[in-house]
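Biologist: I should like to learn how an annotated region and a helix are read together in a model. Could we work through one case?

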Amino acid sequence: MKWFLIFWAGPIVFLGGWYWLSYYDMSFGIFMLSRQVHDLTFELYGKALGIPPETIPPLVARAIAVDSLVVFAILAFRKRKSIIGWWRARQALNSSPSDLASKESLSSAP
């Protein structure tokens, strides 16, 4: 599972880092991090997909969000027993029977 998370998060971090550095033209002397390569990359993808280049970053962000939800759903499914145990223990602490039946909460009606 650790490797699954590494292979999921690695490309996202790499893509996010490249996008952020190239968008703000923080190239540090590396051509791949320049704004020129950023614009050329999205222009090529836009022509290949037949859509305007400025619509690609929100589509990629949406795809990353959906993929992340799927990954976290898989994790939650695999850890469901420990999550259910934690939830039941938490609920048991919050609603103990001694708190419910106190003198103040009892009715004084005849």
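Modeller: This model is predicted. Over residues 5-24 the chain is 95% helix and 0% strand, and the C-alpha atoms at the two ends of that stretch lie 28 Å apart.

Biologist: Which feature does UniProt place at residues 5-24 and 59-77?

Modeller: The unreviewed UniProt entry gives "transmembrane region" for both ranges. Residues 59-77 are 100% helix and 0% strand, with end C-alpha atoms 27 Å apart.

Biologist: What span should the 23 residues of α3 have, and how far apart are its end C-alpha atoms?

Modeller: One compares an expected span with the modelled one. At 1.5 Å a residue, α3 should span 33 Å, and its end C-alpha atoms are 33 Å apart, so the two values agree.

Biologist: Which residues of α3 are buried, and what covers them?

Modeller: I56, S68, V71 and L75 are the buried residues of α3. Their cover includes α1 (2-23) and α2 (35-49).

Biologist: Which residues form the nonpolar patch on the surface?

Modeller: The general idea rests on helix periodicity. An α-helix has 3.6 residues a turn, so residues three or four places apart point the same way. In this model, M1, F4, V66, V70 and I74 form the patch, with about 400 Å² of accessible area together. Helix α3 (residues 56-78) supplies the largest share, three residues.

Biologist: Why does V70 count as partly exposed?

Modeller: V70 lies in helix α3. Its relative accessibility is 45%, and partly exposed covers values between the 20% limit for buried and the 50% limit for exposed.

Key
Residues numbered from 1 in each chain as written. Predicted model: local features only at pLDDT ≥ 70, side-chain atom pairs only at ≥ 80, totals over all residues. Heavy atoms only, no water. UniProt positions renumbered as here; feature names shortened; annotations may be inferred. Helix = DSSP H or I, 4+ residues; strand = E, 2+ residues; numbered from the N terminus. Patch = residues over 30% accessible without salt bridge, like charges linked within 9 Å, V, L, I, M, F, W, Y side chains within 5 Å. Areas by Shrake-Rupley, 256 points an atom, 1.4 Å probe, with all protein chains shown as cover. Salt bridge = Lys/Arg side-chain N within 4 Å of Asp/Glu carboxyl O. Buried < 20%, exposed > 50% of the residue type's maximum accessible area, 1.4 Å probe, protein only. Expected span 1.5 Å × (residues − 1). Contact = heavy atoms within 4.5 Å.
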